[in-house]
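Subject: Handover of a structure, with notes

Dear colleague,

I am passing this structure on to you, together with some notes for a reader who has not met it before. Please keep the sequence and the model open while you read.

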Amino acid sequence: MLDSVRVRLTLWYTLVLAFVLVCLAVLTYFLYRHDAAQRTDSDITQLCDAFLTTFNAELADETGPGAVKNAAQEAMLEHRFRNTYFVLLDGSGNVLLSSMSMPKARNSNQMLTADFFSSEAFQSFRAAASGSGKLHTVHLGRDGFRGLVRPISAGGRAYTFVVLQSLHSQKEMMQDIRDTFLWAIPVALLLASLGGYFLARKSLAPITAMAAQARSMGAANLNSRLAIANERDELGQLAQTFNQLLERLERSFEQQRRFMADASHELRTPVAILRGEAEVTLSKPERSPDEYRQTLSILREESQRLAHLIEDLFTLARADAGQYPLTLRDAYLDEIASGALLRARSLALAKNITLVPAIESDLPIRADEALLERMLLNLLDNAIKYSPPGSTVTLHCRRDAGRYVLTVADNGPGIPVELQPRIFERFFRADKARSRSEGETGGAGLGLSIARWIVEAHHGQLTLTRSDTAGSTFTAAFPA
Ligand code: ADP
């Protein structure tokens, strides 16, 4: 159950709320109790003062031996209040007079008896209260009493007045407050936790929906996207991020699918030629040595083309997976360029094309020599392949503003403007029929993709910088 975020959120919320409510209740209770005690004390003091004023006034009118008792009785009658009791004691502490409604010490519903006044609790209260002149508590009975002691003298004798107030109603009120908190806090917590749970469920509902939607997605339906309720809130941003991830996945899945389809299509042709040639040759029991030689030379050409294609596919597959190991060494770009020209010489000779080197010397570079040569050979191969016999192909290699710039320029027919943006795509050929008819050199449309990958692996850029009816120029630029 605790594995659910909803439940955990609700629990945390309820715990925090419980803590706050309990603290608040305890604080309120003690503040209230303090306030009630102060109010009681101030009531008793006022009552005592009022009582003594009345008593003194009555005493002025009285004469004779019972004057003090009479005056006290008059004052007691005048200041009768519920739960408040007046007592007049003589000099030796004996009760001369107590107000009528005084309850018993042990049971506040009955009249107080002499036991109360002779009890130790009352005696110690009297001693403390007359000494300090302040209010003190008599710890007797269920709730106790709060009281004040005032010594007076009348007719040359000492008396003591005691005012007592039962703490029953104060205790009862505090008990009521405690009881209220005891049921109100659990009810508030229950309501709040129910509300919290529903709120958490409502807020987390989009995540549950997203999880269900994501669970139903697979390679077959990568095009579906999560619904976004509010793209500005956190959940909306999560869904957007997830959708972006899906988009990237879909794109790369699509790329892989296309690559696989194109690759199998390209592989099918040479394999069909190999099989066809073999079948035709074997269809007759006897063939002349020339016929066998011709068939074998076709088989060799096609298997060479196939090997070349497989190697290109393998290079790209490893490059895609980031697994092609670059062997970086300190080398000279001018030497790499001269090496590539040398290797392209036989191709150029076969078409009577002149290769023109324009190579600056002393261009140190840290690079994978074999890959850079392969890139140059791809560009030179294309330039020779698509140029008319008798024309020239120039290879420039120079340093320019902190970069190395390599250009391969030919006098070929150029690439139609509308196709130029696509020539670096895999398996793209501007003229498929012609490419195939180029014989051994007819490519599968992978040469430029591989060349671009090689340049980018060396932190450079390969672009078609010019292509019109007068020829094409490809430029590779690297940081020097
Ligand atoms: P391919 O193996 O077919 O040469 P590339 O990837 O090397 O594949 O080239 C892609 C396409 O770009 C070619 O089919 C061709 O149409 C065009 N192309 C490349 N280089 C040249 C060039 N120097 N002159 C004209 N067209 C070119």
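What follows is a description of what was found, beginning with the cores and ending with the charged pairs.

Please bear in mind throughout that this is a predicted model.

**The cores**

The largest nonpolar core has 53 residues, and those with the most contacts inside it are Leu 372, Met 375, Leu 376 and Leu 406. Helix 9, which covers residues 369-385, supplies the largest share of this core, with 9 residues. If you would like one residue from which to look around, Met 375 touches Leu 406, Ala 451, Ile 454, Val 455, Ala 476 and Phe 478, when residues up to four places away in sequence are not counted. Apart from this core lies another one, of 23 residues, and among them are Leu 47, Val 68, Leu 148 and Phe 161.

**Leu 148 and its surroundings**

Leu 148, which is found in strand 4 (residues 145-154), has a relative accessible area of 2% and is therefore buried. Leaving out residues up to four places away in sequence, Leu 148 touches Ile 44, Thr 45, Cys 48, Phe 125, Gly 133, Lys 134, Leu 135, Phe 161, Val 162 and Val 163. One of these, Phe 125, is 23 residues from Leu 148 in sequence, and the two C-alpha atoms are 9.1 Å apart in space. Another, Cys 48, is itself buried, with a relative accessible area of 2%. Cys 397 also counts as buried, at 0% relative accessibility, and the structure as a whole holds 0 disulfides.

**The open sheet**

Strand 4 belongs to an open sheet of 5 strands, which run in the order 2-1-5-4-3 with antiparallel pairing. Strand 2 (95-98) and strand 3 (136-138) stand at the edges, and because each has a single partner strand, one side of each is left without a neighbour in the sheet. From one strand to the next, the twist averages 30 degrees. At one end of the order, strand 1 (residues 84-89) and strand 2 pair in the antiparallel sense over 3 bridges, and within this pairing Val 87 stands opposite Ser 98 of strand 2.

**Helix 11 and strand 12**

Which residues of helix 11 are buried? In this helix, residues 447-457, they are Leu 448, Ser 449, Ile 450, Ala 451, Trp 453, Ile 454 and Val 455. These buried residues pack against helix 7 (289-320), helix 9, strand 11 (461-468) and strand 12 (471-479), and three of the residues named above as touching Met 375, namely Ala 451, Ile 454 and Val 455, are found among the buried ones here. After helix 11 comes His 459, whose phi is positive, near 60 degrees.

Strand 12 also holds Thr 473, which counts as buried because its relative accessibility is 11%, and buried means under 20%. Leaving aside neighbours within four places in sequence, Thr 473 is in contact with Thr 407, Val 408, Ala 409, Thr 463, Leu 464, Thr 465 and Arg 466.

**The charged pairs**

The count of salt bridges comes to 20, and I describe a few of them here. The side chains of Arg 225 and Glu 247 meet in a salt bridge, at 4.0 Å from N to O. This pair links distant parts of the chain, with Arg 225 in the loop between helix 5 (168-215) and helix 6 (234-282), and Glu 247 in helix 6, 22 residues apart. Both ends count as partly exposed, Arg 225 at 25% relative accessibility and Glu 247 at 40%. The pair is also part of a network of salt bridges in which Arg 225, Glu 247 and Glu 250 are linked.

Arg 466, which appeared above as a contact of Thr 473, meets Asp 468 through their side chains in a salt bridge of 3.6 Å, N to O. Arg 466 counts as partly exposed at 32% relative accessibility, and so does Asp 468 at 35%. A further salt bridge joins the side chains of Arg 422 and Glu 425, at 3.1 Å from N to O; here Arg 422 is partly exposed, with a relative accessible area of 39%, and Glu 425 counts as partly exposed at 34%.

With best wishes

How values were computed
Residues are numbered from 1 along each chain as its sequence is written. This is a predicted model: local features need pLDDT of at least 70, side-chain atom pairs count only at pLDDT 80 or more; totals for chains, interfaces and linings use all residues. Side-chain values use heavy atoms; hydrogens and water are left out. A disulfide is a pair of cysteine sulfur atoms within 2.5 Å. Buried means under 20% relative accessible area, exposed over 50%, partly exposed in between (1.4 Å probe, protein chains only). A nonpolar core is a set of buried Ala, Val, Leu, Ile, Met, Phe, Trp, Tyr and Cys residues joined through side-chain atoms within 4.5 Å. Helices (H or I, at least four residues) and strands (E, at least two) are DSSP runs, numbered from the N terminus. Contact means heavy atoms within 4.5 Å. Two strands pair if DSSP finds at least two bridges between them. Axes are lines fitted to C-alpha atoms, for helices over the stretch in contact, and angles run from 0 to 180 degrees between N-to-C directions.
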